[in-house]
Amino acid sequence: VAQYADMIQVGARNMQNFALLKEVGKARRPVLLKRGLSATMEEWFYAAEYILAQGNEQVILAERGIRTFERWTRNTLDLSAVALAKQEPVVVDVTHAAGRTDLLAPLARAALAVGADGVHVEVHPNPKVALSDNQQQMDFAQFNRFLEAIRDLLQAP
């Protein structure tokens with residue numbers, strides 16, 4: 001994959017796949033490391049250390065929400081994790097945190113306000129026919145409205 005990709009994403013379910021983390025550490029490509037569903041901050045940072053230990057300093061941490069007792073959203077967005085993770089670049093995957101499109105802009109605004117370097121969202125031309133996660137994906141018109149809703153926070157000071 002590293003031959004063809006500009007960035008390698010390690011998903012939440014592979015955050016503790018230590019053999020994989022070592023290999024992507026050797027790949028010399030930026031790595032987006034998503035926090036596991038039930039991972040503590042310490043476990044997330046130690047997972048990043050596996051990549052860093054192989055000489056790859058291009059690690060971007062991705063907070064995507066953690067599993068809690070809440071059922072109105074897919075996961076619970078841990079904004080304190082974003083503030084704590086600022087030792088490395090950090091982005092917030094609001095799509096997986098919310099699991100629904102109506103919360104994406106407010107969560108993105110909150111993430112940027114707490115110091116996230118960026119937000120990660122899913123966009124599909126026709127979410128109703130998407131093969132997975134269609135409830136949380138925006139179509140192009142929704143994405144344009146999303147950008148308008150967060151534009152003021154994207155401007156450099």
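A salt bridge here is a side-chain nitrogen of Lys or Arg within 4 Å of a carboxyl oxygen of Asp or Glu. With that in hand, welcome to a tour of a predicted model, told as legends for a set of views.

**Figure 1. Asp93 and Lys34 pair up in a salt bridge.** The closest N and O atoms of Asp93 and Lys34 are 2.5 Å apart. This pair links distant parts of the chain, with Asp93 in strand 4 (residues 90-93) and Lys34 in strand 2 (residues 31-34). In sequence, the two residues are 59 residues apart. Are Asp93 and Lys34 buried or exposed? Both Asp93 and Lys34 are buried.

**Figure 2. Asp78 meets Arg35 in a salt bridge between two loops.** Here the closest N and O atoms are 3.0 Å apart. Asp78 sits in the loop between strand 3 (59-63) and helix 3 (79-84), while Arg35 belongs to the loop between strand 2 and helix 2 (41-52). The pair links distant parts of the chain, 43 residues apart. Asp78 has a relative accessible area of 15%, and Arg35 has 4% relative accessibility. Why do Asp78 and Arg35 both count as buried? Because buried means under 20% relative accessible area, the 15% of Asp78 and the 4% of Arg35 both qualify.

**Figure 3. Glu63 joins Arg35 and Asp78 in a network.** Widen the view around the previous pair and look for Glu63. Salt bridges link Arg35, Glu63 and Asp78 into a network.

**Figure 4. A salt bridge joins the side chains of Arg109 and Asp152.** The N to O distance is 2.7 Å. Arg109 lies in helix 5 (residues 104-113) and Asp152 in helix 6 (residues 140-154), so this salt bridge ties together parts that are 43 residues apart in sequence. Arg109 counts as partly exposed, at 30% relative accessibility.

**Figure 5. Lys86 occupies the loop between helix 3 and strand 4.** Which residues does Lys86 touch, not counting residues up to four places away in sequence? Lys86 touches Gly115 and Asp117. Lys86 has a relative accessible area of 36%, so the residue is partly exposed. For a sense of scale, try locating Asp6 too: Lys86 and Asp6 are 80 residues apart in sequence and 23 Å apart in space, C-alpha to C-alpha.

**Figure 6. Stepping back, the chain has six helices and five strands.** From the N terminus on, the order of elements is β-α-β-α-β-α-β-α-α-β-α. Taken along the principal axes, the C-alpha atoms fill a box of roughly 40 × 35 × 30 Å. The chain has a radius of gyration of 16 Å, which agrees with the value near 15 Å for a compact globule with 157 residues. Buried residues account for 39% of the 157 residues. Of the contacts between residues at least 6 apart in sequence, 62% join residues at least 24 apart.

**Figure 7. The chain carries 17 positive and 18 negative side chains.** The centres of these two sets lie 4 Å apart. How many salt bridges does a search of the whole structure find? The search finds nine, among them the pairs Asp93 with Lys34, Asp78 with Arg35, and Arg109 with Asp152. As for the surface, the chain exposes about 8,900 Å², with 53% of it supplied by carbon and sulfur atoms.

Definitions and conventions. Residues numbered from 1 in each chain as written. Predicted model: local features only at pLDDT ≥ 70, side-chain atom pairs only at ≥ 80, totals over all residues. Heavy atoms only, no water. Helix = DSSP H or I, 4+ residues; strand = E, 2+ residues; numbered from the N terminus. Rg over C-alpha atoms; globule rule 2.2 N^0.38 Å. Buried < 20%, exposed > 50% of the residue type's maximum accessible area, 1.4 Å probe, protein only. Contact = heavy atoms within 4.5 Å. Areas by Shrake-Rupley, 256 points an atom, 1.4 Å probe, with all protein chains shown as cover. Lys, Arg positive; Asp, Glu negative; His and termini not counted. Charge placed at Lys NZ, Arg CZ, Asp CG, Glu CD.
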